[in-house]
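Open the model in your viewer and keep the selection panel handy. We'll go from one stop to the next, picking out what to select and what is there.

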Amino acid sequence: MASTNAEKKGVPPGKPVSLGSQMLDKGAQMLQSLTPIKQMSQHACTFALYSQDMSRQIETHHFVTRINQDFLQCAVYDSDDSSGRLIGVEYIVSDRIFDTLPPDEQKLWHSHAYEIQSGLLVHPRVPEKVAMPELENLAKSYGKFWCTWQTDRGDKLPIGPPSLMMSPQEDIQCMVKPELVKKRDDKYNISTNAICGSRTELMGPGRLNPMADYWREHNKCLAVDVENTEMKKLTVFP
Amino acid sequence: MTRQVEAHHYCGHLNEDMRQCLIYDRPDADARLIGLEYIVTEELFLTLPDTEKPMWHSHEYEVKSGVLFLPGVPGPVERKDLEKVAKTYGKTIHFWQVDRGDELPLGLPQVMMALTRDGQLYPSLAKGIVSFIPTIGVFVIRF
């Protein structure tokens, strides 16, 4: 069946989910345990920047699972509704764990202190007082965020290699555009500025590791490219 | 293709032609999120630029050989869904190489290809599996 014009223009293009598919999905939901995805316990909304071009900034929705006191894993979407596209994965570690990583690995990570102190990261619909213990943890953490679908540049499908993402910092070249923040604030009826005022006592890590946010000290951005490689095979193909 | 890994996919429809999946290393509460996969129909796959297509793989072999299955779902129902999956293409990216014992997600992402014929799968992994994905693409980071 050929697609209609509306179906071709969507992001991604495609027909609405058929009744048959919906029934299969419902059936599977009833029969399968889906345990790992039920462990998501937080929704955080924040902003991220492409490390290869910091003028490109996106609003992100992190659905977070805490694995232990030092480690969280997040499925990242471009919105929090049912049509949200899965745009990447972020891992978050405590400062204690981060300091044990090799320096070459640390270069791929970013700090969270500024993002949280400035009110850019919020837990939508959760009162600040309730979120505060988690914010205290997160302010001292570091993240590694790979973005696999660049919906901000209009990609209808996930194209290209993953992009390494960076966090907002107070440097002028990576300030989050006010119109992006306003759009987010209006949606949740909050004020990032006001929230920032209430977070003055939140502390970052005791010592911010200089290998994180690599671009700040070294004026170099990180871009990911694809290289073809010799395939190692188990058997010889006839 | 010498490194193969068990993967549990948790998928949702964006529309009839596309699914997006989170990939975990086991189906338990403490499972590690190791990657993600996008699955599209052939119609969408053919719209991709030629430079992009090599990062995608077909699902035909995995489904027909039985190495890909839906745990807990009765045969006839499973078959209906797998009939669709067999005709799709996937782009799988792994961020955490648990198979080499990494305790944390280190290094660069890996693009994963699928099994496409007999003889590629390690026999010891054939029991109780969901899907096996040997790697052939490499991402590099440039400063």
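A nonpolar core, as used on this tour, is a set of buried Ala, Val, Leu, Ile, Met, Phe, Trp, Tyr and Cys residues joined through side-chain atoms within 4.5 Å. Keep in mind as you click around that this is a predicted model.

**Stop 1: the cores**

Start by selecting Val93(A), Trp109(A), Met18(B), Val40(B) and Trp56(B): these have the most contacts inside the largest nonpolar core, which has 74 residues.

Now zoom in on Met18(B). Which residues does Met18(B) contact, leaving aside neighbours within four places in sequence? From chain A, select Pro12(A), Trp149(A), Leu157(A) and Pro158(A). From chain B, add Gly12(B), His13(B), Tyr38(B), Ile39(B), Val40(B) and Leu44(B).

There is also a second, separate core of eight residues, and Leu68(B), Val73(B), Leu82(B) and Ala86(B) are among them. While you have Val73(B) selected, add Glu78(B), which sits in helix H3 of chain B. Glu78(B) touches Val73(B) along with Phe69(B) and Leu70(B), not counting residues up to four places away in sequence. Glu78(B) counts as buried because its relative accessible area is 15%, and buried means under 20%.

**Stop 2: where the two chains meet**

Colour by chain and look at the contact, which takes 70 residues from chain A and 64 residues from chain B. About 5,600 Å² is buried between chain B and chain A, with carbon and sulfur atoms giving 67% of that area.

How many residue pairs are in polar contact between chain B and chain A? The count is 20, with both residues of a pair at pLDDT 80 or more. For the side of chain B that touches chain A, select these elements of chain B, each giving two or more residues:

- strands S1 (8-15), S2 (18-24) and S3 (33-41)
- helices H1 (42-45) and H3 (75-85)
- strands S5 (88-94) and S7 (137-142)

By residue type, that side of chain B divides into 41 nonpolar, nine polar and 14 charged.

Two salt bridges turn up across the interface of chain B and chain A. To see one of them, select Lys15(A) and Asp17(B), whose side chains meet at 3.5 Å, N to O.

**Stop 3: salt bridges**

Over all chains, the structure holds 23 salt bridges. Here are some to click on.

Select Glu52(B) and Lys91(B): their salt bridge has its closest N and O atoms 2.7 Å apart. This pair links distant parts of the chain, 39 residues apart, with Glu52(B) in the loop between H1 and strand S4 (57-58) of chain B and Lys91(B) in strand S5 of chain B. Are these charged residues buried or exposed? Glu52(B) is buried, at 2% relative accessibility, and Lys91(B) is buried too, at 0%.

Over in chain A, select Arg85(A) and Asp78(A), whose side chains meet in a salt bridge of 2.7 Å, N to O. Arg85(A) is buried at 18% relative accessible area, and Asp78(A) is buried at 16%.

Next, take Arg153(A) and Asp155(A), a salt bridge with its closest N and O atoms 3.0 Å apart. Here Arg153(A) is partly exposed at 45%, whereas Asp155(A) is buried at 12%.

Finish this stop by selecting Asp25(B), Arg26(B), Asp28(B), Asp30(B) and Arg32(B), which are linked in a network of salt bridges.

**Stop 4: His110(A) and two backbone oddities**

Jump to His110(A), in strand S5 (residues 110-111) of chain A. His110(A) is buried, at 2% relative accessibility. The His110(A) side chain makes a polar contact with the Glu90(A) side chain at 2.9 Å. Among the other contacts of His110(A) are Tyr142(A), Phe145(A), Met165(A), Met166(A) and Asp213(A).

Stay with Asp213(A), in the loop between helix H9 (192-197) and helix H10 (214-218) of chain A. Asp213(A) has a positive phi of about 50° although it is not a glycine. Why point that out? Because most residues other than glycine have a negative phi. Asp213(A) is buried, at 2% relative accessible area.

For the last selection, go to Arg125(A), in the loop between helix H6 (113-117) and helix H7 (128-139) of chain A. Arg125(A), also not a glycine, has a positive phi of about 70°. Arg125(A) is exposed, at 70% relative accessibility.

Terms used
Residues numbered from 1 in each chain as written. Chains lettered and ligands numbered in written order. Heavy atoms only, no water. Contact = heavy atoms within 4.5 Å. Buried area = accessible area lost by both parts, 1.4 Å probe. Salt bridge = Lys/Arg side-chain N within 4 Å of Asp/Glu carboxyl O. Polar contact = N/O pair within 3.5 Å; in protein donor to acceptor, adjacent residues only side chain to side chain. Helix = DSSP H or I, 4+ residues; strand = E, 2+ residues; numbered from the N terminus. Nonpolar A, V, L, I, M, F, W, Y, C, P; charged D, E, K, R; others polar. Buried < 20%, exposed > 50% of the residue type's maximum accessible area, 1.4 Å probe, protein only.
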